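Student: Could you take me through one part of this model up close? I'd like a proper look, not a quick tour.

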Amino acid sequence: MRFEIVTIFPGFFSSIFENGILRRALAEGLIEVGIHDLRNFTHDRHRTVDDRPFGGGEGMVLKPQPLAEALASLGIEPKAQRAQAQSAPPQVVLLSAQGRPFTQALARELAGLDCVVLLCGRYEGVDERINQLYCDMELSIGDYVLSGGELAAAVVIDAVMRLIPGVLGNEASGEFESFGVADAEITTDSDGVPRSQHGSGGLLDYPHYTRPADFAGLRAPEVLMNGDHLQIRRWRREQQLRKTLANRPDLLERAALSDEDRNLLESIRQADN
Ligand SMILES: C[S@@+](CC[C@H](N)C(=O)[O-])C[C@H]1O[C@@H](n2cnc3c(N)ncnc32)[C@H](O)[C@@H]1O
């Protein structure tokens with residue numbers, strides 16, 4: 001999968017791609033990344049990418065012309081002129097606080113594409129005509145305002161590339177983290193422990209512990225150290241439910257839950273009241 005980033009701060013990304021899973025995914029050719037300096041698509045001595053907003057007001061706006069030229073250099077035409085027949089056209093994503101919320105489900109959607117182009121805004125944002133003409137999606141990484149789209153682009157790339165087969169080594173491991181497919185069918189495993197057909201089934205992950213068993217006066221849960229895998233699975237499922245109820249009760253509405261899960265949730269709620 002290929003990511004193309006258009007930014008006025010290309011240097012921002014160097015450390016991000018030089019560490020951890022991202023570095024390995026690049027080295028192994030599982031992802032490719034192109035970083036494009038918007039200033040290379042200007043034609044004046046000062047390499048100007050911004051201008052004052054029509055109608056007045058604070059701040060500056062990224063001019064449409066350099067962005068359009070940057071996209072043209074990537075072979076991206078305005079939406080109206082893109083060939084219908086192109087089987088997997090690149091998805092042009094505008095990072096924006098006004099965008100569709102970025103979720104694990106959207107990360108899964110993007111991970112199925114061959115190429116995603118990420119436009120990083122700065123100042124007050126990007127001239128809206130770029131959005132109208134070229135962008136398939138406006139995407140927000142959360143309900144707060146960042147200084148630029150670069151951090152948001154890095155977040156999107158990180159979340160998406162983890163879902164590309166081979167990147168995490170164990171193909172399934174991403175599925176068993178928080179936000180696994182929510183509407184998945186719920187079954188029980190051979191021991192009767194509820195289990196979503198798709199990992200966490202839309203719940204948050206359970207808490208994790210490692211050595212030492214005693215730390216700062218706190219002992220890791222005994223159940224995790226006694227080797228009884230049935231008990232461990234039951235405990236983890238209960239912790240997922242507890243954590244989701246405490247931190248993200250909204251997720252429970254769509255999560256894949258068994259009758260046993262629902263009963264357990266009810267008793268947790270009653271005990272907490
Ligand atoms: C200072 S912000 C512009 C904020 C804009 N005037 C508003 O109020 O929505 C500059 C750039 O940061 C990026 N940005 C800010 N917050 C973001 C968010 N929550 N998600 C994604 N990108 C964001 C966008 O690319 C935006 O164009």
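Which residues are exposed on the other side of helix 7?

Tutor: Sure, and keep in mind that this is a predicted model. On that other side of helix 7, the exposed residues are D259, N263, Q270 and A271. To see what they are opposite to, look at the buried ones: D261, L265 and I268. Those three cover an arc of only 65 degrees around the axis, so they sit on the same side of helix 7. The spacing behind this is familiar: an α-helix has 3.6 residues a turn, so residues three or four places apart point the same way. As for its length, helix 7 takes in residues 259-272, 14 residues in total. From first C-alpha to last it reaches 20 Å, close to the 20 Å expected at 1.5 Å a residue.

Now for some surroundings, starting with the sheet. Five strands make an open sheet in the order 2-1-6-5-7, with parallel pairing. Strand 2 (32-37) and strand 7 (137-140) are at the edges with a single partner strand each, so one side of each has no neighbour in the sheet. From one strand to the next, the twist averages 30 degrees. Further in, strand 5 (residues 91-101) and strand 6 (residues 115-119) run parallel and are joined by four bridges, and Q91 stands opposite V116 in strand 6. Helix 2 (residues 64-73) packs on this sheet, where it touches strand 1 (2-7), strand 5 and strand 6. The direction of helix 2 makes about 165 degrees with that of strand 6.

The aromatics are worth a stop too, with three aromatic pairs counted. F12 and F13 have ring centres 5.1 Å apart and planes at 75 degrees, so that pair is edge-to-face. F12 counts as partly exposed at 28% relative accessibility, whereas F13 counts as buried at 0%. Together with F17, F12 and F13 form one aromatic cluster.

Y209 and W235 make a tilted pair, 6.5 Å centre to centre with 55 degrees between the planes. Y209 lies in the loop between strand 9 (194-196) and strand 10 (214-215), and W235 is in helix 6 (residues 229-247), so the pair ties together parts that are 26 residues apart in sequence. Here Y209 counts as partly exposed at 46% relative accessibility, while W235, at 15%, counts as buried.

Key
Residues are numbered from 1 along each chain as its sequence is written. This is a predicted model: local features need pLDDT of at least 70, side-chain atom pairs count only at pLDDT 80 or more; totals for chains, interfaces and linings use all residues. Side-chain values use heavy atoms; hydrogens and water are left out. Helices (H or I, at least four residues) and strands (E, at least two) are DSSP runs, numbered from the N terminus. The expected span of a helix is 1.5 Å times one less than its number of residues. Buried means under 20% relative accessible area, exposed over 50%, partly exposed in between (1.4 Å probe, protein chains only). The arc is that of the directions from the helix axis to the C-beta atoms. Two strands pair if DSSP finds at least two bridges between them. Axes are lines fitted to C-alpha atoms, for helices over the stretch in contact, and angles run from 0 to 180 degrees between N-to-C directions. Contact means heavy atoms within 4.5 Å. Rings of Phe, Tyr and Trp (its six-membered ring) pair if their centres lie within 6.5 Å; planes under 30 degrees apart count as stacked, over 60 as edge-to-face and the rest as tilted.
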